[in-house]
Every structure is written in C-alpha cells, then in structure tokens.
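Visitor: Please give me a close look at the ligand's surroundings. Then work outward from there into the rest of the chain.

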Amino acid sequence: MQFSKFGEKLAGNTGIFQLMDDFSASLNSEQPMQMLGGGNPSHIPEVLECFRQALLALINDPHRFAAFLGNYDAPQGNFEFISALATMLRDQCGWDVTEENITLTNGSQNAFFFLFNLLAGEMPDGQHKKILLPLTPEYIGYTDVGLSENLFATEKPVLEMIDRRTFKYGINFDKLNVTGDIGAICVSRPTNPTGNVLTDDEIAHLDRLAKIHNIPLIIDNAYGTPFPKIISTDIQPHWNKNTITCMSLSKLGLPAARTGIIIADKPIVKAISAMSAIVNLSPGGLGASLATEMVRTGEILAISNQMVKPYYAQKAEQAMQWFDEAMGDTEGYIHKPEGAIFLWLWFKGLPISSQELYERLKRRGTLVCPGHYFFPGINEDWQHKHECIRITYSQSNDDVRTGIGKIAEEVKRAYREAKE
Ligand SMILES: Cc1ncc(COP(=O)(O)O)c(C=O)c1O
C-alpha cells in the first residue's frame with residue numbers, strides 16, 4: 001500500500017511513537033520493568049482521592065452526569081470550565097482574559113500540532129516559516145508535528161557547570177537570531193527534558209523579541225504555574241495578548257482525560273477552535289467536566305501547591321541522591337532540576353551513543369529516553385545529542401532506584417570497555 005506524503009511523515013517511526021509504544025509495552029510486560037522513559041505523572045494517592053470525590057459528586061448529580069457523557073461541547077470546548085478558568089486566571093494571575101481568550105484541545109500535544117502548523121510551514125505568499133526554539137534540548141513531542149519539513153530553528157545553549165554533579169543550559173541570547181522566516185517563538189517552561197525553568201527576566205526578554213518582530217511567543221506551561229506547579233523556583237506565570245500560553249490537566253494527574261488549554265488572543269482562539277471542529281468535532285469534555293468545580297472553588301490550586309509540588313520536589317531530591325551514590329567517582333552530570341518530572345543525565349565522552357545505551361538498558365528491563373530526539377532544529381552533530389538521556393522520577397521509588405543503578409552500571413561498563 002502506498003501512503004501519501006502526509007501519511008509517510010506521520011505514520012513513520014518517530015521518537016514520540018517509540019516513547020509511547022515503549023510505555024504501553026512496559027505496562028503489559030510479564031517481566032518487571034522500570035519505566036523511566038515516558039512522561040506519565042505519578043499516581044499520588046491524595047490527589048487521586050480528590051479526583052475520585054469529584055467524580056462521585058458528578059455521578060451523583062443526574063443533570064451533570066448526563067451532560068458529562070452525553071453531550072458534544074462546542075469546538076472551543078466546555079463553556080463552564082472555560083468560564084471558571086477565565087475567572088481563576090484573572091484573579092490568581094492578574095491576566096486580562098475572558099472566555100474568548102481560551103480554547104480547549106485533546107491534550108496539549110494536540111494544541112502544538114494545531115499551533116505550529118497554523119503559525120509556520122508554507123505561507124500563502126510562498127514563504128516558508130519556522131518555529132524558533134530558543135533553548136534546546138526541547139520537548140520530544142514537538143519534533144514531528146510539522147506537516148512541512150524543516151519546521152524548527154534553534155540555537156545551541158550556553159552551559160554552566162554548577163558543582164561536581166550538576167550543570168545548567170541557558171539561552172544563548174547573543175546568538176539568538178529572529179530572522180524574517182520565524183513565525184513564532186516557543187519554549188517549554190519548565191522545560192522537558194531538562195527541568196530548566198526560564199526566569200522572569202528571560203521570559204521578559206523573549207516577550208520583547210517576539211513583540212519587536214510581531215510574532216507570538218508560545219509558552220508551554222504543561223508543568224508550570226498556577227497548576228500543576230511542578231516547579232521549585234519562584235517565578236511568575238506569563239501572559240499577554242502576544243503570548244500563547246498552553247496548559248494541561250495531564251501532569252496534575254489526569255493524562256487519560258486528554259485536556260489541553262490554550263490561552264491566547266481572540267483570533268488565535270477562533271482559529272484553533274475552527275481546526276478542532278475539523279479534526280475532532282469538539283474536544284473531549286471529560287477532564288473539563290471533572291475539573292470545573294475544582295477550578296471554581298480553587299481546589300485545583302490547593303492540590304497543586306500542597307500535594308503535587310512538594311511530592312515531586314521530594315522525588316527529584318531523592319533521585320539525585322541515588323544517582324550521585326550510584327555513579328560514585330565516574331563522570332556523570334545532572335541538569336539542575338528546577339521543575340517538570342525528569343532528570344536529564346549527561347555522560348561526558350560516553351563511548352557509545354545514547355541510542356545504544358537505551359538498547360542495552362532495554363534488554364535489562366530499564367526503559368529510558370535516548371537524548372538525540374530532543375534536539376529539533378539542530379542538524380549539526382553535537383556531543384550532547386549522543387551523550388545524554390532523559391529519565392523520569394515519577395515512577396515508584398523502587399523502580400527509580402533500581403533503574404538508576406542499572407544506568408550507572410551500563411555507563412561504567414561502556415567507559416571501561418572503551419579503555420580496554
Ligand atoms: C512539555 C510538554 N508539553 C506538552 C506535553 C503534552 O501533554 P498532554 O498532551 O498530555 O497535555 C507534554 C507531555 O509530556 C510535555 O512534557
């Protein structure tokens with residue numbers, strides 16, 4: 001059978017497909033596996049209990065229950081949820097938003113497919129526009145969403161060593177070039193895979209650049225503030241009419257609800273809603289219905305601040321300690337985890353590729369994410385592409401500790417073999 005160009009591009013063997021496929025394979029595997037590769041959030045018992053109570057309240061209200069399962073929403077999404085959210089964002093963040101500034105999607109992955117292809121690719125005047133990613137490594141899920149080739153422009157980051165085990169990337173503002181073929185700037189904040197959280201100053205700088213060049217700034221706030229708040233630095237949420245802020249209910253603990261949220265100027269909201277009608281008729285409403293009361297009452301903020309944030313801060317700290325102990329004197333660095341649910345590990349001078357390390361670990365029952373997928377827009381060879389892997393610490397402590405132990409063993413073996 002012959003596939004179209006569209007089919008070949010989207011049905012190919014992409015990094016995001018490998019990641020999600022590995023994840024379901026590990027869930028169904030008979031052999032115990034440490035699934036440190038994916039981005040699944042933890043099952044936090046207190047948070048699950050809040051969702052269970054919210055679901056019970058919904059089920060026990062016949063009118064709301066009928067609407068929960070029995071209605072299509074408008075292409076913009078569930079209006080009650082959108083309205084509660086607009087109020088919360090005005091009150092909590094001081095953003096000048098109304099219902100007309102918010103649209104929902106089937107997860108924020110769906111939002112990026114729409115946004116990137118809306119703002120970049122082949123333009124009506126024949127020009128080819130790109131999305132500028134000011135900081136790489138960047139989220140693996142962006143890499144293959146472009147319907148046209150060559151969708152990303154980027155610049156290698158600057159690197160700062162913090163101590164004997166930690167380092168941090170930063171945007172290379174001196175080299176960052178917003179050329180005429182850039183259709184939008186996009187950053188994840190916190191950044192997946194590194195856990196970097198751009199400061200308010202860095203965001204203000206990007207905001208200025210975007211405004212000067214009359215292009216939107218997209219902020220992927222999947223782990224950010226005001227919810228789910230998987231952030232350990234003190235930063236302000238950012239939005240204005242030139243910013244497109246994307247949020248999600250997934251990392252709060254509801255990935256199966258597939259609820260993405262776009263907060264943007266009205267023309268963008270209208271455009272995305274129109275695209276949603278073609279692709280989905282309307283976005284799924286289960287997550288929105290479930291979370292409406294939590295947004296109205298502010299419970300979603302309490303869950304984020306009091307349960308989700310401290311839980312992941314503790315997990316990150318613990319995982320760093322296990323990595324340090326397991327590596328001992330062997331060279332191996334961690335990107336300073338300021339947010340999100342990952343450790344980005346750098347094995348300087350690793351004699352095998354990160355793909356080969358992934359394969360060796362997979363054979364031993366530990367799934368990680370090889371680093372080379374996280375560099376959309378960097379075509380040149382760069383050591384960080386081959387020497388880094390991403391792991392998540394959202395899984396059980398046993399799995400994280402065992403997995404980290406096996407990673408250290410395999411890395412040490414690779415260094416040793418190269419010397420022999
Ligand atoms: C930075 C980032 N953005 C977006 C997404 C997509 O999440 P979802 O489609 O579940 O909202 C993820 C998922 O891992 C992510 O890490």
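Guide: Helices here are DSSP runs of H or I with at least four residues, strands are E runs of at least two, and both are numbered from the N terminus. Keep in mind that this is a predicted model.

Start at the ligand. It is surrounded by 14 residues. The closest are Gly-39, Gly-107, Gln-109, Ser-248 and Ser-250. Helix 6, residues 107-119, gives the most to this shell, with three residues. Gly-107 and Gln-109 fall within the range of helix 6. Ser-248 is the last residue of strand 10, which covers 243-248. By class, the shell has 10 polar residues, three nonpolar and one charged.

Now set the shell against the domains. Domain 1 is assigned to 14-44 + 310-412, and domain 2 to 48-302. Gly-39 falls in domain 1. Gly-107, Gln-109, Ser-248 and Ser-250 fall in domain 2. The centres of the two domains, taken over C-alpha atoms, are 25 Å apart. Their contact uses 33 residues from domain 1 and 37 residues from domain 2. On the domain 1 side, four elements give two or more residues each: helix 2 (15-28), helix 10 (299-327), strand 12 (333-335) and strand 13 (342-346). That side has 20 nonpolar, nine polar and four charged residues.

Next, strand 10 and its neighbouring loops. The loop between strand 9 (217-220) and strand 10 holds Pro-226. Pro-228 lies in that loop too. Each proline follows a cis peptide bond. From Thr-225 to Pro-226, omega is near 10 degrees. From Phe-227 to Pro-228, omega is about 5 degrees. On the other side of strand 10, the loop leading to strand 11 (259-263) contains Arg-258. Its phi is near 45 degrees, a positive value in a residue other than glycine. For context, most peptide bonds are trans, and most residues other than glycine have a negative phi.

Now the helix packing in domain 2. Helix 5 (residues 79-93) packs against helix 9 (residues 286-297) at an angle of about 30 degrees, with the axes 9 Å apart. Angles under 35 degrees count as roughly parallel, so helix 5 is roughly parallel to helix 9. The crossing is left-handed. Helix 5 brings Glu-80, Phe-81, Ala-84, Leu-85 and Met-88 to the contact. Helix 9 meets them with Ala-288, Ala-291, Thr-292, Val-295 and Arg-296. By class, that contact has seven nonpolar residues, one polar and two charged.

Finish with a second helix pair. Helix 11 (residues 354-363) and helix 13 (residues 397-419) have axes 10 Å apart, at an angle of about 125 degrees. The range from 115 to 145 degrees counts as neither perpendicular nor antiparallel, which means helix 11 is oblique to helix 13. Here the crossing is right-handed. Leu-357, Arg-360 and Leu-361 in helix 11 meet Lys-406, Ile-407, Glu-410 and Ala-414 in helix 13. The contact has four nonpolar and three charged residues, with no polar ones.

How values were computed: Residues numbered from 1 in each chain as written. Predicted model: local features only at pLDDT ≥ 70, side-chain atom pairs only at ≥ 80, totals over all residues. Near = placed C-beta within 6 Å. Nonpolar A, V, L, I, M, F, W, Y, C, P; charged D, E, K, R; others polar. Axes fitted to C-alpha atoms, helices over the stretch in contact; angles between N-to-C directions. Parallel < 35°, antiparallel > 145°, perpendicular 65-115°, else oblique. Left-handed = near helix turned anticlockwise from the far one by under 90°. Contact = placed C-beta atoms within 7 Å. Domains from an automatic or database assignment.
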